Amino acid sequence: MPPVIEKRPNRDIPVINERIRFPKVRVIDSDGSQLGIMSSREAMQLADEKELDLVLVSDKADPPVCKIVDYGKHKFEQEKKAKEAKKKQHTVDVKEVKMRYKIEEHDYNVRIKLAKRFLQEGDKVKATIMFRGREIQHSDLAEDLLKRMATDLQEIAEVQQAPKKEGRNMMMLMAPKK
């Protein structure tokens with residue numbers, strides 16, 4: 001039986017102070033001024049004198065860039081920036097507007113108003129017409145209704161998927177214009 005090799009779990013350990021394993025690094029002071037290129041040992045001594053941490057900012061650069069900062073404060077500010085970026089993100093959802101092909105004019109206007117609101121919020125709209133029983137024979141009327149909806153919303157929306165039948169439904173997908 002071969003010996004069992006245990007792998008250590010790869011944790012996201014921050015590269016600070018003694019964990020920086022580069023022979024030469026570019027050092028930036030806590031106030032943002034560049035101190036130049038020096039050995040990582042010299043940079044560590046400089047950080048210790050100021051009672052701060054040496055944090056690896058970019059290991060892709062040549063030589064790698066390190067900054068002398070308070071690591072706790074640095075980590076807090078990074079998390080704060082990430083949270084702000086997440087707040088400003090908008091995910092595009094698909095909202096559905098359902099109706100029947102024999103819809104009355106007022107009800108149709110309500111569906112148009114609803115679809116407009118969804119599109120203005122930046123979401124896609126899936127317009128669905130449901131058929132019951134023998135209504136499926138009138139799929140041409142349903143297609144005309146969906147085309148009418150597309151023309152009524154053409155200023156703010158573009159048709160992504162033309163009307164098509166899926167089982168006992170007919171649907172069309174619209175996205176907001178950019």
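Which residue in β4 is the bridge partner of Val 27? This report answers that first, then moves through the sheet, a helix and the cores.

## Strands β1 and β4

The partner of Val 27 is Cys 66. This is a predicted model. Strand β1 covers residues 24-28, and three bridges join it to β4. The two strands run parallel.

## The hairpin

Strand β4 (residues 65-69) also pairs with β3 (residues 53-58). Here the sense is antiparallel, and there are five bridges. One pairing sets Ser 58 opposite Val 65 of β4 as its bridge partner. The chain gets from β3 to β4 by a hairpin of six residues.

Strands of a sheet pair through backbone hydrogen bonds, either parallel or antiparallel.

## The four-stranded sheet

Put the strands in order and you get β2-β1-β4-β3. The sheet is open, and its pairing is mixed. At the edges sit β2 (34-39) and β3, each of which pairs on one side only. On average, neighbouring strands are turned by 35° against each other, direction ignored.

Helix α1 (residues 40-49) packs on this sheet. The helix touches β1, β2, β3 and β4. Its direction makes about 130° with that of β2.

## Helix α4

Does the length of α4 agree or disagree with the expected span? Helix α4 has 14 residues, 139-152. At 1.5 Å a residue, the helix should span 20 Å. Its end C-alpha atoms are 20 Å apart, which agrees.

Which residues of α4 are buried? They are Ser 139, Ala 142, Leu 145, Leu 146, Met 149 and Ala 150. Seen down the helix axis, these residues fall within an arc of 140°, so they line one face of α4. They pack against five elements: β5 (94-100), α3 (105-120), β6 (124-130), β7 (157-166) and β8 (169-176).

## The nonpolar cores

The largest nonpolar core has 22 residues. Those that touch the most other members are Val 125, Ile 129, Leu 146, Met 149, Leu 153, Met 172 and Met 174. Two or more residues come from each of β5, α3, β6, α4 and β8.

Take Leu 146, a buried residue of α4. Leave aside its neighbours within four places in sequence. Leu 146 is then in contact with Met 99, Ala 127, Ile 129, Pro 163, Met 170, Met 171 and Met 172.

Another core lies apart from the largest one. This other core has 11 residues, among them Ile 20, Val 27, Met 38 and Ala 43. Val 27 is also the residue paired with Cys 66 in β4.

Methods
Residues are numbered from 1 along each chain as its sequence is written. This is a predicted model: local features need pLDDT of at least 70, side-chain atom pairs count only at pLDDT 80 or more; totals for chains, interfaces and linings use all residues. Side-chain values use heavy atoms; hydrogens and water are left out. The expected span of a helix is 1.5 Å times one less than its number of residues. Buried means under 20% relative accessible area, exposed over 50%, partly exposed in between (1.4 Å probe, protein chains only). The arc is that of the directions from the helix axis to the C-beta atoms. Contact means heavy atoms within 4.5 Å. Two strands pair if DSSP finds at least two bridges between them. A nonpolar core is a set of buried Ala, Val, Leu, Ile, Met, Phe, Trp, Tyr and Cys residues joined through side-chain atoms within 4.5 Å. Axes are lines fitted to C-alpha atoms, for helices over the stretch in contact, and angles run from 0 to 180 degrees between N-to-C directions.
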